[in-house]
Amino acid sequence: MSTPGEILTEVLVIGSGPGGAVSGTLFAQAGHRVTMVEEGQHLPLEAAPHFSREEMLLKYRNAGVGVALGRHKLAWVEGRCVGGGSEVNRGLYHRTPAYVLDDWRRRFDVRDLDLAGMTPHFAACEAIAKVEYAGTAASDMSRRLQQGAQAQGWFAIEAPRLYQYAADGRGGEKQSMSATFVRRFLEAGGELLPATRIARLRREGGMWIAEGFRRGENGLPRAVTFRAETVVVACGAVQTPALLRRSGISHNVGNSLRFHPMVKVSRNSTAT
């Protein structure tokens, strides 16, 4: 039974990026009562030019400045808006390799977690998310990188993207969670609550209690509590372990977090 000031739901999904949006949509389409919360705002994909200063201020956590201090210091960026990282990154997409699925199946004893079992799910997600190869629409920079790799004898592949390319190969439109799965989630009757941050989770009387705050139109936060039978924590690689650890759930949580650098280099040269 809910109490005053609480929101009762069957499934609470924390985070609206690729993990949360897909999970929430499947739960909603299966007939469950689902509430999906997102710390950031619900903004159109075209709210700001991609990779611009305006987009960083609107859609990134801390305006694009995240810093970890300790023995190893590093900076990173995270999306904080409905759709999560899919709204601000390049939308590069890879299917989970067979050897990774096999390792997970053995280590965690998950039935049917192999390439044959997962391929239909990959294909279904790709159809909704509109995962496509650029083909002739690839940028000049990408073509130069491919040519450079071939000249060096390096193995190089094109990563498909969450992008719907025009039929004539000229231009197209980025596809993010707000344009695909979040839209389906709402059509299936799911409830989306942006500007809502969950600070802690706890278990009480067979239910999950999620405590946090929501920001109103005046920008001021007010306390909010959710009571749910099931909780899906999908806040990204950094915020998911952070929330679980704040909640006292720390066994094997965040211990394997890894960051990888990414660099794109192009050099124009002429023979002498």
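**Strands, cores and cysteines in a predicted model**

Good morning. I begin with strands S9 and S10, the latter covering residues 207–215: the two run antiparallel and are joined by eight bridges. Please keep in mind throughout that this is a predicted model. Within this pairing, Arg 203 stands opposite Trp 208 in S10. The connection between S9 and S10 is a hairpin with two residues between the strands, and in its turn Gly 205 has a positive phi of about 60°.

Strand S9 also appears in the surroundings of helix H7, which spans residues 236–246. Which residues of this helix are buried? They are Val 238, Gln 239, Thr 240, Pro 241, Leu 243 and Leu 244. The cover over these buried residues includes strand S9 (196–204), together with strand S1 (6–14), strand S4 (74–76) and strand S11 (221–233). After H7 comes Gly 248, with a positive phi near 85°.

I turn next to a sheet elsewhere in the chain. Strands S5, S6 and S7 make up an open sheet of three strands, in the order S5-S6-S7, with antiparallel pairing. Strand S5 (131–132) and strand S7 (172–174) each have a single partner strand and stand at the edges, so one side of each has no neighbour in the sheet. Between strand S6, residues 161–165, and S7 there are three bridges, and these strands run antiparallel. In S7, Gly 172 is the residue opposite Tyr 165.

Tyr 165 deserves a second mention. How many aromatic pairs does the model contain? The count comes to one. Its members are Tyr 163 and Tyr 165, whose rings are tilted, at 4.6 Å centre to centre with 40° between the planes. Tyr 163 counts as buried because its relative accessible area is 16%, and Tyr 165 is likewise buried, at 15%.

Now to the interior. The largest nonpolar core holds 23 residues, and Phe 181 and Val 182 touch the most other members. At least two residues of this core come from each of S1, helix H1 (18–29), S2, helix H4 (115–129) and helix H6 (181–187). Beyond its neighbours within four places in sequence, Phe 181 is in contact with Ala 21, Val 22, Thr 25, Cys 125, Ile 128 and Ala 129. Another core lies apart from the largest one; it has 13 residues, including Leu 193, Ile 198, Ala 210 and Val 253.

One residue in strand S2 merits individual attention. Thr 35 belongs to this strand, which covers residues 34–37. Is Thr 35 buried or exposed? Thr 35 is buried, because its relative accessibility is 2%. Setting aside neighbours within four places in sequence, the contacts of Thr 35 are Thr 9, Val 11, Leu 12, Val 13, Glu 191, Leu 193 and Phe 226.

Finally, the cysteines. The count of disulfides is zero. Why is Cys 81 without a bond? The closest cysteine sulfur, in Cys 235, is 14 Å from the sulfur of Cys 81, which is too far for a bond. Cys 125 is in no disulfide either, and the nearest cysteine sulfur, again that of Cys 235, is 19 Å away. The two residues can also be described by their accessibility: Cys 81 is buried, at 2% relative accessibility, whereas Cys 125 is partly exposed, with a relative accessible area of 30%.

Thank you for your attention.

Conventions. Residues are numbered from 1 along each chain as its sequence is written. This is a predicted model: local features need pLDDT of at least 70, side-chain atom pairs count only at pLDDT 80 or more; totals for chains, interfaces and linings use all residues. Side-chain values use heavy atoms; hydrogens and water are left out. Helices (H or I, at least four residues) and strands (E, at least two) are DSSP runs, numbered from the N terminus. Buried means under 20% relative accessible area, exposed over 50%, partly exposed in between (1.4 Å probe, protein chains only). Contact means heavy atoms within 4.5 Å. Two strands pair if DSSP finds at least two bridges between them. A nonpolar core is a set of buried Ala, Val, Leu, Ile, Met, Phe, Trp, Tyr and Cys residues joined through side-chain atoms within 4.5 Å. A disulfide is a pair of cysteine sulfur atoms within 2.5 Å. Rings of Phe, Tyr and Trp (its six-membered ring) pair if their centres lie within 6.5 Å; planes under 30 degrees apart count as stacked, over 60 as edge-to-face and the rest as tilted.
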